[in-house]
Amino acid sequence: MSKPVVVGAARTAIGRAFKGSLVNTTPEELATTILEAVVERSGVDPASIDDVMFAESHYGGGDLARYAAAKLGMYTVPGQALNRHCAGSLTAVANAAAQVNSGMDRAVVAGGVQSLSMTPLMKVRIPGPDLEFEDMWIPPTHPETAEAPTRDMAITVGWNTAKAVGISRRDMDEWALRSHQRAIKAIDDGVFVDEIVPLKITGPDGSVTSFTVDEFPRRGTTMERLEALPVLHPEIPDFSITAGNSSGTNDAAAALVVMDSEAASTAGLNALGTVRAWASAGVEPKDTGLGAVAAIGKVLDRAGLSARDVTLWEINEAFASVPIAACLEFGIDEELVNIYGSGCSLGHPIAASGARMLTTLFYELNRRGGGIGVAAMCAGGGMGGAVVIEV
C-alpha cells in the first residue's frame, strides 16, 4: 500500500467572527486563498492533484473546494464538501490519506474553511397548525433532549463533560489562562509566521492591509478576570462554564497536501511527515465532550501506540473541560498539550480547526527534529475525531 505523506501545510490567521478583521471576507475567498497558498508551498504540480476536500459547517450546501479549484483554473480537479461539524477538517485529511493509502489517488488537498461571520441564517417553519416560522435557525446536530440541547454546547459539551469527570471551574479557568499565555507568547515569538498565509483585507475606506496575526487571544487575561466572569447558566446549580473557559466564534481556513510517498519523492518534494492513523468515534449526544476521549483511544489502538509514545498533542478546547478530560483519562502530561494555545485562546473556526491543529503539529515537530503528534477533538452531535502523524 502507498504511504500518505504531507508535503505542504498552511493556515490563515484566525479572525474574531462578526467584529474582527475577516468579517467581510467570504468563505470563497478563504477557500481560494488557502488552496492557492498550500499548493504553491508544497511544490506539487496543480495538474497532478486528484481532488480537493474541504470541510465546511453551517453553510447549508455548496462546495467550497470545487469553487476554489475552478477559481484558480484547476478545472480538472473535482472538489468535495465534508461536514463532521468540529471534526470536519480532521476527517478531510483522514479521507485524503485513505484515498492515497488505497492507491486510488496520488495527491489530495484536504482542509477546512469557516466564516461564522458569513454563516447564512435560515428560516424554517415550526411544526403545527399556526404556520409560524423560526428565525436564525441552523440545522440541529442531534435529537433534542433536556440533557443535550442542540443549540447550547455550553451544556451539551462543556458542562456535561465537567460533571462526568469531576472538573472544577478553577481547573477550567486555569487551563484557559494558560492557553492565552501560551498563544500570546507564541505570537510574540513568531512561532506561527511560517504556517500562516497572509490574507489581503480591504477596509471600508478601500485601503488594503495584510492580515497575518491571530486576533482572538486576549493579552489582558488574568485569573482574576476569568474568575469574575458570570457563568452562562446561573439558573443551573453549580454551573461552571463561562465565556472565558469556552472557545471563541471565529473565521479562518487551513489545508494540507497529502500525497503518495513515492510520487512525492519522484517529484522531488519534501515531506513534512506521515499521516499514520485516523479514527472517528460516536458517543451519546449528552456526552459529546467525551467524543475526543473515545477517538483518542480508538486512534492510538489503530496506530499501535500508547499515550506515552506521543510527543505532542493538540486537543481542541471547544471548552476547557474537553482536553482536561482527555488528560485525566489517558494520563497525558498537560505540558505536552496545546503548547501554543487552542480554542479558548486562538479560537475555534469550526470546520478549519482540525486542519489548523495538524498544521501547527507538523511545523512544531519538524522544528524539534521529529516525533509523533496526535490531533483530536469532539464534534457536535456526539462525535469525535483524531489523527496520528509522525515526523
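The pockets and the cavity of a predicted model are described here. Residues are numbered from 1 along each chain as its sequence is written. In this predicted model, local features need pLDDT of at least 70, side-chain atom pairs count only at pLDDT 80 or more, and totals for chains, interfaces and linings use all residues, while side-chain values use heavy atoms, with hydrogens and water left out.

The largest pocket (an open set of points on a 1 Å grid over the protein atoms alone, with protein on both sides within 12 Å along at least five of seven lines) has a volume of about 830 Å³, a volume being the space filled by probe spheres set on grid points joined across faces, edges and corners. Its lining comprises 32 residues, where a lining residue has an atom within 4 Å of a point. His58, Arg151, Met153, Thr249 and Ile350 lie nearest the centre of this pocket. Two or more lining residues come from each of α4 (153-165) and β14 (372-379), and α4 gives the largest share, three residues. Helices (H or I, at least four residues) and strands (E, at least two) are DSSP runs, numbered from the N terminus.

The second largest pocket holds about 350 Å³ of space. Among its 18 lining residues, Arg16, Phe216, Arg218, Ala243 and Gly244 are the closest to its centre.

One cavity of 30 Å³ or more is present, a cavity being a set of points where a 1.4 Å probe fits but cannot get out. The volume of the largest cavity is about 40 Å³. Its lining includes Leu312, Trp313, Tyr340 and Glu364, and β13 (312-315) and α10 (353-367) each supply at least two of the lining residues.
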